[in-house]
Amino acid sequence: MKARADGSGDTTPRKRVRRGIEGWRTLILQQRASGETVDAFCAARRIPRSSFSKWRSRLESAQTPAAQFLPVTVRSAAAATVGSAEPQPGSAQMRLSRAAANKLLDAIIARLAESL
């Protein structure tokens, strides 16, 4: 058996831990939050530094910009006829039939699903 690289002389065989993407993502976030250097974080958890760096690079390059959503106010048709406030500058109003609204919503959901 081979002594550990940290010089402790521990010859206990290491059990290989297989982590998925979420496991590595969690470890990377924990390291950032810990304030520890990558070397210290990996050594304390017996994680190979090369694996940590490889996964950090892989996950950071795969990140896509976060979607930006705009606020939407939904009002009933009855509220619109009672007298509603004027639209705010920079806002828009859209009135759709129920069928058109359902079709638009289906298209939005399909488009979002494609981006996942």
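Throughout these exercises, a residue is called buried under 20% relative accessible area, exposed over 50%, and partly exposed in between, using a 1.4 Å probe and protein chains only. The model is predicted, so local features need pLDDT of at least 70 and side-chain atom pairs count only at pLDDT 80 or more, while totals for chains, interfaces and linings use all residues. Residues are numbered from 1 along each chain as its sequence is written, and side-chain values use heavy atoms, with hydrogens and water left out.

**Exercise 1. Check the span of helix α1, then find its buried face.**

Step 1. Helices here are DSSP runs (H or I, at least four residues), numbered from the N terminus. The expected span of a helix is 1.5 Å times one less than its number of residues. For the 14 residues of α1 this should give 20 Å, and the end C-alpha atoms are 20 Å apart, which agrees.

Step 2. Pick out the buried residues of α1: W24, L27, I28 and Q31. Looking down the axis, they fall within an arc of 100°, so they line one face of the helix. The arc is taken from the directions that run from the helix axis to the C-beta atoms.

Step 3. It helps to recall that an α-helix has 3.6 residues a turn, so residues three or four places apart point the same way.

Step 4. Now turn to the other side of α1, where E22, L29 and A33 are exposed.

Step 5. Ask what covers the buried side: the cover includes α2 and α3, with contact meaning heavy atoms within 4.5 Å. As one example, L27 touches R19, F41, I47 and F52, once neighbours within four places in sequence are left aside.

Step 6. Finish just past the helix: α1 is followed by G35, which has a positive phi near 80°.

**Exercise 2. Repeat the analysis for helix α2.**

Step 1. Helix α2 covers residues 38–45, and V38, F41 and C42 are buried in it. Their arc seen down the axis is within 95°, so these residues also line one face of their helix.

Step 2. The face turned away from the buried side carries A43 and A44, both exposed.

Step 3. The buried residues of α2 are covered by elements that include α1 (21–34) and α3 (49–62).

Step 4. Just after α2 comes R46, with a positive phi of about 55°.

**Exercise 3. Which residues make up the largest nonpolar core?**

Step 1. Fix the rule: a nonpolar core is a set of buried Ala, Val, Leu, Ile, Met, Phe, Trp, Tyr and Cys residues joined through side-chain atoms within 4.5 Å.

Step 2. The largest such core has ten residues: W24, L27, I28, V38, F41, C42, I47, F52, W55 and L59. The elements giving two or more residues to it are α1, α2 and α3.

Step 3. For background, in soluble globular proteins, nonpolar side chains tend to be buried together.

**Exercise 4. How many aromatic pairs are there?**

Step 1. Rings of Phe, Tyr and Trp (its six-membered ring) pair if their centres lie within 6.5 Å; planes under 30 degrees apart count as stacked, over 60 as edge-to-face and the rest as tilted. The count by this rule is two.

Step 2. W24 and W55 form a stacked pair, 5.9 Å centre to centre with 5° between the planes. This pair links distant parts of the chain, with W24 in α1 and W55 in α3, 31 residues apart. Both W24 and W55 are buried.

Step 3. F41 and F52 have ring centres 6.0 Å apart and planes at 55°, so this pair is tilted. F41 lies in α2 and F52 in α3, so the pair ties together parts eleven residues apart in sequence. F41 and F52 are both buried.

**Exercise 5. Examine salt bridges within and between the helices.**

Step 1. A salt bridge is a side-chain nitrogen of Lys or Arg within 4 Å of a carboxyl oxygen of Asp or Glu. The whole structure has four, and three are worked through here, starting with E22 and R25.

Step 2. In the E22–R25 bridge, the closest N and O atoms are 2.5 Å apart. The two residues are three apart in α1, so about one helical turn separates them.

Step 3. E60 and R32 meet at 2.3 Å, N to O. E60 lies in α3 and R32 in α1, so the pair ties together parts 28 residues apart in sequence.

Step 4. R49 bridges to D39, with closest N and O atoms 2.7 Å apart. R49 is in α3 and D39 in α2, ten residues apart.
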